[in-house]
Amino acid sequence: MAFSETGKVWMNGKMVAWKDATIHVASHVIHYGSGVFEGIRAYDSTRGAHVFRLPEHMRRLADSCRVYRMEPPYSISELTDAVLETIRVNGYKSCYIRPLVYRGYLQLGVNPMPCPVDVAITVWEWDTPLGGDDARRSGVDVGVSSWTRIAPNTLPALAKSTANYANSALIKMQATVDGYAEGIALDESGVVSEGSGQNLFFVRDNVLYTPTLTSSILQGITRETILVLASDLGLEVREQPLPREFLYIADEAFFCGTAAEITPIRSIDKIAVGNGRRGPVTAALQDRFFGVINGDLPDEHNWLTPVGAAVATP
Ligand code: PMP
């Protein structure tokens, strides 16, 4: 859905009206993909509004900056404060949060280093669940993409760079045109990598499988959350390279990510996953995940930062 175009955007330390939150067309990021970003969510709950895994997202933002030799003029603690302040100023209880660090306007040329490092934080209401409203229960149909995921030592997959999403867009467009909710990309060696913006998990014989970090994946924070929840549930987990054919013989499969949360996959390349319905392991993980987010279960792992919280600046 289109933006409501209301509220404020945090830009280099100032709250700016939505329509004034613009940059010059000669900004480096537009031409050369020289930006890194995060996708974070705030949820309303029985215990008030909170942000899910905020420190982990901000740490990944700092990691992405480091890989791309960007030094934002704000500390991570200041930016964490700014995220919370932006949510409060906009009056959201639940929203999607997009901090973006980018090379701005000065000159153009491939080398980004002369250009300033600018920061913006945009928040908006998220109302586009992967596969539609029912997908969390019924699952989505997906296909293996003919596009390969970014290869090692080309674009670094662990850095969440805007440039990586040109590859994601090719995967997503092909899936959309083919009538799938998402695509699954293989890495350059042909093993399973991830979706255009989601990590992957599979279940076979009650064991949970997920690709390793060396399979060109983003180190998803939801992925890490699932690993902890799986351990809480006493599930055996194997992080390993997964051959393509594993997709067709898994008992269960699901996507995970900030936007996708936990979305079951019911078919891959028109082959049913298991019996084509959400499986018991996926459902158990969803119960835990949404239980913590909704406030129905205790936040045992300290994953929630209250939106009202003032963050101490060291
Ligand atoms: N892979 C890619 C390529 C993504 O864009 C995302 C979304 N950030 C994920 C995986 C899932 O990561 P997270 O759980 O941190 O949102």
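**Exercise 1. Locate E85 and decide how open its surroundings are.**

Task: state which helix holds E85, and whether E85 counts as buried, partly exposed or exposed.

Solution. Step 1: E85 sits in helix α3, which covers residues 76-90. The structure is a predicted model. Step 2: count the C-beta neighbours of E85 inside 10 Å, which gives 17. Step 3: apply the cut-offs, under which 20 or more means buried and 12 or fewer means exposed. Because its count is 17, E85 is partly exposed. Step 4: look at W10, which is 75 residues away from E85 in sequence. In space, the C-alpha atoms of E85 and W10 are 8.8 Å apart.

**Exercise 2. Trace the pairing of strand β1.**

Task: find which residues M11 faces in β2 and in β7.

Solution. Step 1: β1 (residues 8-11) pairs with β2 (residues 14-17) in the antiparallel sense, over four bridges. Within this pair, K14 of β2 is the bridge partner of M11. Step 2: the connection between β1 and β2 is a hairpin with two residues between the strands. N12 lies in that turn and has a positive phi of about 45°. Step 3: β1 also runs antiparallel to β7 (residues 117-124), joined by two bridges. Here M11 stands opposite A120. The partners of M11 are thus K14 in β2 and A120 in β7.

**Exercise 3. Compare the side chains of β4 and β12.**

Task: for each strand, say which side chains point which way, and whether they are buried.

Solution. Step 1: recall the rule that side chains in a regular strand alternate between the two faces of the sheet. Step 2: in β4 (40-43), I40 and A42 point one way and R41 and Y43 the other way. All four of these residues are buried. Step 3: in β12 (residues 207-210), L208 and T210 point to one face and are buried. V207 and Y209 point to the other face of β12 and are not buried.

**Exercise 4. List the neighbours of β4 and β12.**

Task: give the strands joined to β4 and to β12, with the direction of each pairing.

Solution. Step 1: β4 runs antiparallel to β6 (residues 95-103), with three bridges. R41 stands opposite Y96 of β6. Step 2: β4 also pairs with β5 (residues 50-52), again antiparallel, over two bridges. Y43 has H50 of β5 as its bridge partner. The hairpin of β4 and β5 has six residues between the strands, and G48 takes a positive phi near 100°. Step 3: β12 is joined to β11 (residues 199-204) by three bridges, and the two run antiparallel. F202 has Y209 of β12 as its bridge partner. Two residues lie between the strands of this hairpin, where D205 has a positive phi near 50°. Step 4: the pairing of β12 with β13 (residues 236-239) is parallel and has four bridges. In this pairing, T210 is matched with E239.

**Exercise 5. Describe the chain as a whole and its two domains.**

Task: decide whether the radius of gyration agrees with that of a compact globule, then describe the side of domain 1 that touches domain 2.

Solution. Step 1: for 314 residues, a compact globule would have a radius of gyration near 20 Å. The protein chain has 19 Å, so the two agree. Step 2: the C-alpha atoms fill a box of roughly 55 × 45 × 35 Å along the principal axes, and 44% of the residues count as buried. The chain has eight helices and 17 strands. Step 3: the domain assignment gives domain 1 (8-124) and domain 2 (135-294), with their centres 26 Å apart. Step 4: 21 residues of domain 1 are in contact with 13 residues of domain 2. On the domain 1 side, α2 gives the largest share, six residues. By class, this side has eight nonpolar, seven polar and six charged residues.

**Exercise 6. Characterise the shell around the ligand.**

Task: which residues come nearest to the ligand, and which helix supplies the largest share of the shell?

Solution. Step 1: the shell has 13 residues, of which L218, G220, T222, G257 and T258 come nearest. Step 2: helix α6 (residues 221-232) supplies the largest share, three residues. Step 3: sorted by class, the shell holds two nonpolar, nine polar and two charged residues.

How values were computed
Residues are numbered from 1 along each chain as its sequence is written. This is a predicted model: local features need pLDDT of at least 70, side-chain atom pairs count only at pLDDT 80 or more; totals for chains, interfaces and linings use all residues. A residue is near a molecule or strand if its C-beta atom, placed from the backbone, lies within 6 Å of it. Ala, Val, Leu, Ile, Met, Phe, Trp, Tyr, Cys and Pro count as nonpolar, Asp, Glu, Lys and Arg as charged, and the others, Gly among them, as polar. The radius of gyration is taken over C-alpha atoms; the globule rule is 2.2 Å times the number of residues to the power 0.38. Domain bounds come from an automatic or database domain assignment. Two residues are in contact if their C-beta atoms, placed from the backbone, lie within 7 Å. Two strands pair if DSSP finds at least two bridges between them.
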